[in-house]
Structure formats: structure tokens, C-alpha cells
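Got your viewer open? Let's take a walk through this one together, one selection at a time.

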Amino acid sequence: MSGMVEKRGRGYWLTHAGLIGGVLVIFFPIYLAFVASTVSQPEIVRPPMPLIPGGHFFENYREALVSGINAPVARMLFNSTVMALGIALGKIVISILSAFAIVYFRFPFRQTFFWLIFLTLMLPVEVRIVPTYEVAANFGLLNSYPGLILPLIASATATFLFRQFFLTVPDELAEAARVDGAGPMRFFIDILLPMSRTNIAALFVILFIYGWNQYLWPLLITTDPQMNTIVMGIKQMFPSGDDIANWPVIMATAILAMLPPVAVVIFMQKLFIKGLIETEK
Amino acid sequence: MEKRVTFKGWMLPLLLLTPQVLVTAFFFFWPAWQAVYQSLFIPDPFGLRSQFVGLGNFEFLLGDPFYRASFWTTAIFSSLVTLASMGFALWLAVMADRLIKGSGAYRTLLIWPYAVAPAVAGVLWLFMFNTRVGVISWYLGQAGYDWNHVLNPNEAMGLVVIASSWGRISYNFLFFLAGLQAIPKSVIEAAAIDGAHFWKRFWTIVFPLLSPTTFFLLVVNIVYAFFETFGVIHTITTGGPQQATTILVYKVYSDGFVGQDLGSSAAQSVILLVVVGILTIIQFRYIERRVHY
């Protein structure tokens, strides 16, 4: 509260003006993309293009979704959805299971496993692309959903998050479960999972956006346009030579590509912020 | 920290670990090992055998003017992206923090560009600055400035920096605003009573108190600029003109997949691995310090 510090003078209105200016600067590229997705190609190739939306909204979006340029954008949206859900759910499942094992059991080489998983925090997929590509190719995973998903869930951020959370769960709960004769899996399903609901949801939001926005990996692993994801497919829509790109359709695709993750951020803002702050801690 | 209460048995925990261990082994450890292994070899031109060259690939890289140029490009690029996105975000966060009401609304308006993929951001900015149809390049042309990032290395760098910083402002804004709101207002009010002006209060009190957030964001943004901006570079410039925007990650890709120079690409991966390692250690040391206080 800066109420005591600043009075509602000129400074107050300047602050609002500054913020609105900032918001407009940040919005402008997206607004322009939207305008471009509602006008016709001739209106764009004779610059300057109009700055207010035109009347070709349905036409452009239908063309993008149904036929696209190399593949229908509807198909690319589907591929992106499978990949993003696969990455988010897959990572959560394997991470919560291994965090449970590491926190609630004592077994040989427990520390070794812990450190091996810890090491994966250090190497983003961008750094090991060539060998990872070779592994995926040897497994016959090119142009497949497992190929899009599996290499991207091989990292331990989520395992750490769940481990941190499990360590804060009171010991009495596990004690009570043991006294009641409940096995470890009963305890996991009936007590630990329900308690982790918010953490799982927050992580899901972050991982969904992470998965949806992947670019380099889908670029390598999908050579068949039918398997392209929407974020990497946009670049493939540009003509290779000197021809003019079909901007209205490309911009409609760009808008469609940002819609799902943006909707997730706006409608699940609380979970998003929680997830963001926790995964980066 | 350890649990006092644990369950018995070792079969079940190993079973629970299996999925993660398998995925990590096949898609993380094996490729990482391969990167290190391949970096010590040069495949023969027919790809049938490879010749062991020890650290030859590294020696060659460190003496290679193109690779050294790529290091510089990365340093300049990531410094500019970090400065631009953090500077603008801090400015917005300071203003939002001054508001008693409404900072939440601005937060909602400002955070969602975080969800726009770097590659999509690249396409948006490419469209505005496109030499044929771009709106901004057209108005620049009217003003007498001939914008052409396809030929001009500095303009290409400027464009990828802007496009990379743009989507990052949200993230930095969110953390700066949280950091600012965590500063006790009594400290600032005491300075105000002493007659210090807003900017004087900011630089002498607020900014030093904000330094943990600033330092954290510094590391995170450098990591972002190093690794996650591939999509921006690939959509806008594909590393050009004359490699002016070929950052290290882009070079791993273009040498490995486009140029098929596997030994060199692997050696570059290993060098990047060391860079990530150093950044991660810095980050963890910092977190440890924060936990202690």
C-alpha cells in the first residue's frame, strides 16, 4: 500500500497512463496479427495494411482449419493437444510415483537414484538434440506421438516439486495409515493424492503450456506434415522461394496457436502463478 | 530432510521408480553420454567408421572464428534480451506497485503473453517488420529509414532481441511485482517522511531490497535467452544474415542437422552442457542462501 506515500495527484494519472501505454505496446503485435487474420491477401500485399479488422474472418479461419497449407490446421491443433496433454500428464504421473518412492521408502541405492534424477535438471533438450534424435529414430519413434512426448518428460523438475511437498506432509498421517494396517499404495491413493490436488493442478498448467509451446523437438521429429504441431507448423507454411506468404491464413494459424495456452493462463491465473513460482524456486 | 515414518519393502519403491528411470535412461542419460562420446570422434566422409580424435573437435572449435563469433553473438544477444525484458518489466512493476487498487487488473492484462510460444512471437514480429508487407517497416520507410533485417546484421539482431524480450516481459513483471509487494511499506514510508523523492527512495531503498528477485531473474533470463529462444531465431532469421544471429544453440542445430557435422555438433553440445552446469550451480547456490535466511 503506497497510499500514505503517494497522493492522488498528477503522479497517479501518470502511473495509469504509463501502465496503459505498456499494455498497449505489449498487445499491439497480437492485435495486428488478429487484424491480418481478418483481411484478404490483396489488402496485405499492398502496404500499409489496414489497422482495423476486415470482413474475411470466417473465410480465413475456415481455410486454415480445413485445408491449411501443408496440412489442415485442425490436424495440427489435434497433434499439439495430444503432445501437450501427454507431456503434462506423463510427467506428473512418473514424477509423483518416483517422489513417493524416494520420500516414503528406504531401499538400496535410494540416494543414487535421487542424484541421477537430480542430474537431469541440468540439461535442456536443446543441448542434446542430435543424440536424442538418434535414440528416437532407433526406437522407430519419428512421426509418432510417443516420439513427440517421451524425450520431453525426461526431466526431474516435477519430481523435485512433489518431493518438497511430500516432505511437508505431517508424519502422523503415514503413521496412522500404518497403524490402521493400510498398505503404502492405499496411503498414496487415499491420502497423499487428494492432498496433492492443488500442486498437481498448478503443475499441469505449467507443463501444458511448456508442452504446447515446444518448437525445436517437433521440428526434428516430425517430417510428415500430418504430424506437425501447430507451433512448429506455422514456419512450415512460409513459401521457400521468393513467393509472397499467404499472410491471412498464416496469421489465423498464429492466433489459433496461442489461443489454448493463453486461455489456460487467463482462466487459471491463480494456479498458473502458483505453478510458475514453485517450479522456478 | 528425511521422513521419520517410512514404509517397508524395496520391491514396490523400485517398481514405482521404474517409469521415470526408463524414460530418463533412454532419453536423457544415453543421449548425454552419446554427446560426450561423439565429441571425441570424427566420422569418415562415408559415415561408415569414425576416427578417434580426442579433444580435437574442441581444439578445432575454440580456434574456429565462426564458433568464437557465435559465442560473442550469444553473449550480446542474451545480455540485450535480459536487459530489455527485465528493464521494461521492472518499470511496469514499479508503476503497478504504486497503485492501491487496480494492480491486479494490470497483472491480468500483462501476464498472458507468457503463454505465447517464442516461435509464434517470432512470426508476429517478423510480420510487422517484413520487408515487403510489414506495417512498421513500411512506416519506417515513409520516415526515410530503409529497414531490411534480411540484409542488415544489426537490424536482424535488433529484431530477434525485441521478439525474444517481448514475451518475457510478463514473466519478469510477475516476479518483480511480487518482490516489490513483499517489501515492508513502513521502510519506504519512513524514507518518505524524511523527504526522499520517489526515485531517490527507489534507488536507495527499494532496488537494493529487491536484489534477490533481480538476481534470480538475471540467471533465469540468461538461461531463457541461451536455450529457449531457438524458435525466435529459426522463424525470423534462421541465424543470418552471415551468421549474425547464430546463437550457440542454433549452431548446434545447424551444424548437426543441416551441416551433418556430428562430431562438431556433439562437442558444441558438451560445451553448452558445461555452460548450463555453471548457470545451474549459480542458481542453486543462490537458492541455498535464500533458504538459510
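## Stop one: where the chains meet

Colour the two chains separately and look at where they touch: 117 residues of chain A are in contact with 101 residues of chain B. Keep in mind as you go that this is a predicted model.

How much area do chain A and chain B bury between them? The value comes to about 10100 Å², with 77% of it on carbon and sulfur atoms. Now select residues 10-36 of chain A, which make up helix α1. This helix gives the largest share of the side of chain A that touches chain B, namely 18 residues. Try colouring that side of chain A by residue class, and you'll get 85 nonpolar, 17 polar and 15 charged residues.

What about salt bridges between chain A and chain B? The count is 0. Polar contacts do turn up between the two chains, with 11 residue pairs counted at pLDDT 80 or more for both partners.

## Stop two: a pocket

Next, select Phe238(A), Gly241(A), Leu126(B), Asn130(B) and Val150(B). You're now looking at the second largest pocket, which holds about 690 Å³ of space. Its lining has 23 residues, and the five you just picked are the closest to the pocket's centre. Sorted by class, the lining of this pocket comes out as 10 nonpolar, 9 polar and 4 charged residues.

## Stop three: a cavity

The structure holds 2 cavities of 30 Å³ or more, and we'll visit the second largest, with about 30 Å³ of space. Select Ile102(A), Phe114(A), Ile117(A), Thr159(A), Phe160(A) and Arg163(A) to show its lining.

Which helices of chain A each supply at least two residues of this lining? Highlight α5 (110-119) and α8 (157-168) to see them. The largest share, 3 residues, comes from α8(A). By class, the lining of this cavity has 4 nonpolar, 1 polar and 1 charged residues.

## Last stop: a salt bridge

Side chains of opposite charge can pair when their charged atoms come close. Over all chains, the structure holds 4 salt bridges. To see one of them, select Arg178(A) and Glu175(A), whose closest N and O atoms are 3.8 Å apart.

How are these two placed along the helix? Show residues 171-179 of chain A, which form helix α9. Arg178(A) and Glu175(A) are 3 residues apart in this helix, so about one helical turn separates them.

Note on methods:
Residues numbered from 1 in each chain as written. Chains lettered and ligands numbered in written order. Predicted model: local features only at pLDDT ≥ 70, side-chain atom pairs only at ≥ 80, totals over all residues. Heavy atoms only, no water. 1 Å grid on protein atoms, 1.4 Å probe; cavity = no way out; pocket = protein on both sides within 12 Å on 5 of 7 lines; lining within 4 Å. Points joined across faces, edges and corners; volume = space filled by probe spheres on them. Nonpolar A, V, L, I, M, F, W, Y, C, P; charged D, E, K, R; others polar. Contact = heavy atoms within 4.5 Å. Buried area = accessible area lost by both parts, 1.4 Å probe. Salt bridge = Lys/Arg side-chain N within 4 Å of Asp/Glu carboxyl O. Polar contact = N/O pair within 3.5 Å; in protein donor to acceptor, adjacent residues only side chain to side chain. Helix = DSSP H or I, 4+ residues; strand = E, 2+ residues; numbered from the N terminus.
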